[in-house]
Amino acid sequence: MTRDDGLDDVPAPVARVVVIATGGTIASSSAPGGAAVARRTVAQLLTTAGYGDVEVEGRDLLNLGSYLFGHRELRVIAEAVLAELARDEVTGVVVSHGTDTMEETAFLLDLVHDSDKPVVLTGAQRAADQPGSDGPRNLREAVAVAASPEARGCGALISFAGRIFSPGRTRKHHTVAAEPYRTADGGPIGRIGASGVVLTALPVRPAPLVRPGSRFDGTRVDIVTVHPGADAALARAAVRAGAQAVVLAGTGVGNANHALLDWVSEAVAAGTVVGLSTRVAEGPVVPVYGNAGGADLVRAGALSMGALPLYHARLLLALLISEGVAVTGRTLAPYV
């Protein structure tokens, strides 16, 4: 049967994905002297892979190794992503990014993401001019995820080496492996293969936070690691240098010692936010030990960061403090 309403001739909507380039290994090639430096443009990145029926446009934003990023660069990326998502014709956004701090940028974007449209971060472990560079494949797969109806409503995602991760518990766990990301709460939520994008789980996401403003750039939150013989000298130095919060990377399930316990009491009384995390790669803070362990630290006013990874915890505190949010256990509960 032939329709007589003219709709037979209406083409199906075409997915449009914007790739925002920020540098990283995916954009790096050897400079004089042999060191890899981020210097390739988004146009150069987009010529290395085919994207099927997806319309792809590129935008150069930064061209740096992500080890050079500060809060300002993270805010600039967030602003650029949110601006592209606001365009009606855009289906999703891909951010090409260095792997060193991708987990932090992805987490920040997820915290403030208020659209059903996907945002997908990807990068490479091998520079663009190295044999077998993984950048073109990763970029092609990230575009496929951003264009996929499967990814709508999932917030920000990391797509790497055929795997899809939700950033809330995802960390870079290996410096050079082709599959560098691991999550502490069940593994990747999907894969990209011959059958396309397949999601096997949906992330549970709290209500979005306010996007970072200019105050975020200068909000200082430091990390102090607990180790045998540690005292409070570095924690006190952080506060003197302007830190509005300090995250203790405790031993084990979140423990310290008597010198740091005394400092926590002093710091909290003076208005410094103290977060309690762990230096262990996986597993939550469980404040059960006394004698300057986690239970005593929490009683002294430290806030348990739960299962939130250490560097995610630092970033969350920075965003909340920069927006004037009173940081309490209740404030943190949806995220930790």
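Accessible areas here come from the Shrake-Rupley method with a 1.4 Å probe. By that method, the chain in this predicted model has an accessible surface of about 14900 Å², and carbon and sulfur atoms account for 52% of that surface. Let's walk through the chain as a whole, then one of its sheets, and then two threonines in one loop.

**The whole chain**

- If you count along the chain, you will find nine helices and 16 strands.
- The radius of gyration is 22 Å, close to the 20 Å that the globule rule gives for 336 residues, so the chain is as compact as a globular protein of that length.
- Along its principal axes, the C-alpha trace spans about 80 × 55 × 35 Å.
- Buried residues make up 52% of the 336 in the chain.
- Take the contacts between residues at least 6 apart in sequence: 72% of these join residues at least 24 apart.
- As for charge, there are 29 positive and 33 negative side chains, and the centres of these two sets lie 6 Å apart.

**A four-stranded sheet**

- Look for an open sheet of four strands, in the order β13-β14-β15-β16, with parallel pairing.
- Its edge strands are β13 (221–225) and β16 (303–304), each of which pairs on one side only.
- Strands β14 (residues 245–250) and β15 (residues 273–278) run parallel and are joined by six bridges.
- To see strand partners facing each other, find glycine 250, which stands opposite threonine 278 in β15.

**Two threonines in one loop**

- Threonine 99 sits in the loop between β5 and α3, and threonine 101 is also placed in the loop between β5 (92–96) and α3 (102–112).
- Threonine 99 has a relative accessible area of 3%, so it is buried, the cut-off being under 20%.
- Threonine 101 has 18% relative accessibility, so it counts as buried by that cut-off too.
- Beyond its neighbours within four places in sequence, threonine 99 is in contact with Ser66, Ala124, Gln125, Phe160, Lys172 and Tyr181.
- Threonine 101, leaving out residues up to four places away in sequence, touches Ser66 and Phe69.
- Ser66 is therefore a name to look for twice, as a contact of threonine 99 and of threonine 101, with both threonines buried.
- For a sense of distance, threonine 101 and glycine 162 are 61 residues apart in sequence, while their C-alpha atoms are 20 Å apart in space.

Terms used. Residues numbered from 1 in each chain as written. Predicted model: local features only at pLDDT ≥ 70, side-chain atom pairs only at ≥ 80, totals over all residues. Heavy atoms only, no water. Rg over C-alpha atoms; globule rule 2.2 N^0.38 Å. Buried < 20%, exposed > 50% of the residue type's maximum accessible area, 1.4 Å probe, protein only. Contact = heavy atoms within 4.5 Å. Lys, Arg positive; Asp, Glu negative; His and termini not counted. Charge placed at Lys NZ, Arg CZ, Asp CG, Glu CD. Pairing = 2+ DSSP bridges.
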